[in-house]
Amino acid sequence: ALEQIKARIAYQKELLAESGGHTYEEEVDEMWKWIRISIMAAVPICVLSSLKDVFFGEHEHAKEGPKPDYLAIQTKAFPWECEECPLFDLGCWKKCRAEKA
């Protein structure tokens, strides 16, 4: 396997020598060309997406009040004292503790 890898590397070096390859300066120029193209594409996309969010970004928040039963499906009880209350639902915790007292 090691001999095969060495043969492939030698073949690649041979192909590179035949084609002349690129100079260091050509490689750097190509890199900067693609950096400029990327910036020229990314900046307008970011600006347009920000403008879209500012002008058309209105969305509805969840309505206050009790949620329908189909949104509170649980397959098993939570592992704390109020089994039906989510961990950070303080209203549910207060109600649960008031019922237990």
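How many nonpolar, polar and charged residues are in the lining of the largest pocket? Keep that in mind while you get your bearings. The structure in your viewer is a predicted model, and this tour takes you along the chain before coming back to that pocket.

**Stop 1: helix H1**

Select residues 2-19, which make up helix H1. Now pick the C-alpha atoms at its two ends: they are 26 Å apart. That agrees with what you'd expect, because 18 residues at 1.5 Å a residue should span 26 Å. Is this helix mostly tucked away or largely in the open? Of its 18 residues, the number buried is zero, so H1 lies largely in the open. Next, click on Gly 20, just after H1. Gly 20 has a positive phi, at about 90°.

**Stop 2: helix H2**

Move on to residues 24-56, which form helix H2. Select Lys 33 and Glu 30 and show their side chains. These two form a salt bridge, and their closest N and O atoms are 3.4 Å apart. Why are they separated by about one helical turn? Because they sit three residues apart in H2. Lys 33 counts as partly exposed, at 35% relative accessibility, and Glu 30 is partly exposed as well, at 37%.

While you're on H2, find Val 47. With a relative accessible area of 45%, Val 47 is partly exposed. Try a distance from its C-alpha to the C-alpha of Trp 80: you should get 47 Å, for two residues that are 33 apart in sequence.

Then select Lys 52 and Asp 53. Here is another salt bridge, with 2.9 Å between the closest N and O atoms. Asp 53 is partly exposed at 47% relative accessibility, and Lys 52 also comes out as partly exposed, at 47%.

**Stop 3: from the loop to helix H3**

Side chains of opposite charge can pair when their charged atoms come close. For one more example, select Arg 97 and Glu 81, whose side chains meet in a salt bridge at 3.3 Å, N to O. Arg 97 lies in helix H3 (residues 90-100) and Glu 81 in the loop between H2 and H3, so the pair ties together parts that are 16 residues apart in sequence. Arg 97 is partly exposed with a relative accessible area of 44%, and Glu 81 is partly exposed with 42%. How many salt bridges does the count come to? The count is three.

Stay in H3 and click on Lys 95. At 54% relative accessibility, Lys 95 counts as exposed, since the cut-off for that word is over 50%. Now pick the C-alpha atoms of Lys 95 and Pro 66: they are 13 Å apart in space, though the two residues are 29 apart in sequence.

**Stop 4: the disulfides**

Time to show the sulfur atoms. A disulfide is a covalent bond between the sulfur atoms of two cysteines. The count for this model is two.

Start with Cys 82 and Cys 96, joined with an S to S distance of 2.2 Å. This pair links distant parts of the chain, 14 residues apart: Cys 82 is in the loop between H2 and H3, and Cys 96 is in helix H3. Both cysteines are buried. Is the disulfide left-handed or right-handed? The torsion about its S-S bond is about -100°, so it is left-handed.

Next, select Cys 85 and Cys 92, where the sulfurs are 2.1 Å apart. This disulfide is left-handed too, because its torsion is about -75°. Cys 85 is buried, with a relative accessible area of just 2%. If you number the bonded cysteines in sequence order, the pairing reads 1-4, 2-3.

**Stop 5: back to the pocket**

Rolling a probe the size of a water molecule over the atoms shows where empty space is left. In this model, the largest pocket holds about 630 Å³ of space. To find it, select Glu 84, Cys 85, Pro 86, Asp 89 and Cys 92, which are the closest to its centre among the 20 residues that line it. You've already met Cys 85 and Cys 92 as disulfide partners. And the opening question? The lining has ten nonpolar, three polar and seven charged residues.

Notes. Residues numbered from 1 in each chain as written. Predicted model: local features only at pLDDT ≥ 70, side-chain atom pairs only at ≥ 80, totals over all residues. Heavy atoms only, no water. 1 Å grid on protein atoms, 1.4 Å probe; cavity = no way out; pocket = protein on both sides within 12 Å on 5 of 7 lines; lining within 4 Å. Points joined across faces, edges and corners; volume = space filled by probe spheres on them. Nonpolar A, V, L, I, M, F, W, Y, C, P; charged D, E, K, R; others polar. Helix = DSSP H or I, 4+ residues; strand = E, 2+ residues; numbered from the N terminus. Expected span 1.5 Å × (residues − 1). Buried < 20%, exposed > 50% of the residue type's maximum accessible area, 1.4 Å probe, protein only. Salt bridge = Lys/Arg side-chain N within 4 Å of Asp/Glu carboxyl O. Disulfide = S-S within 2.5 Å.
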